[in-house]
Amino acid sequence: MTDRDVTSLPTSIDATQALLEGDGYVADRALSTVLFLSLKLGRPLFLEGEAGVGKTEIAKVLSCSLGRDLIRLQCYEGLDVASAVYEWNYAGQMMAIRLAEAGAGGAGLDRASLEAELFSERYLVRRPLLDALQPHPGGPPILLIDELDRADEAFEAYLLEILSDFQVTVPELGTIRAAEPPIVIVTSNRTREIHDALKRRCLYHWVGYPDAARELAIVSRRVPGAGERLAAEVVGFVQAIRSRELFKAPGVAETLDWAQALVELDAVALDPSLVADTMGVLLKYQDDIQRMQGSEVRRVLDDVRAELSAA
């Protein structure tokens, strides 16, 4: 059961944007529009973009703001039906067989009845995808299929039935269909291309890095302890180094982590030594950290401060 307040689906783009902002997610108009259409049309939403730009967070915010259960399937290489959809409780089935054999004695087993019992709902273990098709308190859940690009293409093909008809076929039981389809969010970091057949079943949106104004709004919302100057310099610095040739540019998640770390260090503004000491919060590869040391940090900071002064 859920103890969250249940909210009806938004009835406009503006209401969708307000719904997200109510839980601290600062979305642009394009994202709010495609999300509204996804909810209105009952279509899965496929979000693609670099890691750390807020794709997964959308599903979390929807779950919280709508009062719906969040069911998350984290994809990985080798993900199969038993882990993602369903499997049978083999231990329970074996126990039932032993008890049936002991109870039958020499009279023999009613094999047809036993088989029907063994492959019934009683012994079915529901994994995330099948669970999302079941009725839930407060309405259909939010189904997050996270980082689909990490899964194998065979599993991606298996999803086609679920995303088009919201049903799963269990050979022993038949087809299990959702009475009310879940709200589906699929994310990809684009480490490989997702097949067109799956994309056609979804509405699509590329989630890019935010511009400086929106990223500053995000930092102000999520890290309220950061002063105005610190927040502006953090955002300006991150925006500047994203244009550098880095192996992995920092996402919004890293911006928030860095801002929070600086707040914990009682920083009110950036300085070269503080940036150098905390660079491991912002960048995750040693080569990138090496590029942003010494004179390069000073150069970026000087440019950021000059731009802020001119604004």
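## Strand pairing and the β6–β7 hairpin

Two strands are taken to pair if DSSP finds at least two bridges between them. Helices (H or I, at least four residues) and strands (E, at least two) are DSSP runs, numbered from the N terminus. The structure is a predicted model, in which local features need pLDDT of at least 70 and side-chain atom pairs count only at pLDDT 80 or more, while totals for chains, interfaces and linings use all residues. Residues are numbered from 1 along each chain as its sequence is written, and side-chain values use heavy atoms, with hydrogens and water left out.

A hairpin connects β6 to β7 through three residues. Strand β6 (residues 167-170) and strand β7 (residues 174-177) run antiparallel and are joined by four bridges. Within this pair, Q167 lies opposite R177 of β7.

## The parallel sheet

An open sheet is formed by five strands in the order β2-β5-β8-β1-β9, with parallel pairing. The edges are occupied by β2 (70-74) and β9; each has a single partner strand, so one side of each is left without a neighbour in the sheet. From one strand to the next, the twist averages 20°. Angles here run from 0 to 180 degrees between N-to-C directions, and axes are lines fitted to C-alpha atoms, for helices over the stretch in contact.

Strand β1 pairs with strand β8 (residues 183-188) in the parallel sense, over four bridges. Opposite L45 stands I185 in β8. Strands of a sheet pair through backbone hydrogen bonds, either parallel or antiparallel.

## Helix α2 against the sheet

Helix α2 (residues 29-41) lies across β1, β8 and β9, and its direction is at about 160° to that of β9. The expected span of a helix is 1.5 Å times one less than its number of residues. The 13 residues of α2 should therefore span 18 Å, and the end C-alpha atoms are indeed 18 Å apart. After α2 comes G42, which has a positive phi near 70°.

Residues L31, S32, V34, L35, F36, S38 and L39 of α2 are buried, where buried means under 20% relative accessible area, exposed over 50% and partly exposed in between (1.4 Å probe, protein chains only). These buried residues pack against α1 (13-22), β1, α3 (55-66), β8 and β9; contact means heavy atoms within 4.5 Å.

## Aromatic pairs

Rings of Phe, Tyr and Trp (its six-membered ring) pair if their centres lie within 6.5 Å; planes under 30 degrees apart count as stacked, over 60 as edge-to-face and the rest as tilted. By this rule there are five aromatic pairs. One of them, F46 with Y204, is stacked, at 5.9 Å centre to centre and 20° between the planes. This pair links distant parts of the chain, since F46 is in strand β1 (residues 45-48) and Y204 is in strand β9 (residues 203-206), 158 residues apart. F46 is buried, with a relative accessible area of 1%, whereas Y204 is partly exposed at 38%.

The pair of F237 and W258 is tilted, with 5.4 Å centre to centre and 50° between the planes. It joins distant parts of the chain, F237 being in helix α11 and W258 in helix α12, 21 residues apart. F237 is buried, at 0% relative accessibility, and W258 is buried at 0% as well. Elsewhere, ring pairs link Y86, W88 and F119 into a cluster.

## Helix α11 and the surrounding helices

Helix α11 (residues 228-241) has 14 residues and reaches 20 Å from its first C-alpha to its last, close to the 20 Å expected. Its buried residues are L230, A231, A232, E233, V234, V235, F237, V238 and I241. Their cover includes α10 (212-222), α12 (252-264), α13 (272-282) and α15 (295-310).

Two of these covering helices, α13 and α15, have axes that come within 10 Å and cross at roughly 120°. At this interface, P272, V275 and M279 in α13 meet V297, R298 and L301 in α15. In helix α12 lies A261, which is partly exposed, with a relative accessible area of 22%. The C-alpha atoms of A261 and I13 are separated by 35 Å, and the two residues are 248 residues apart along the chain.
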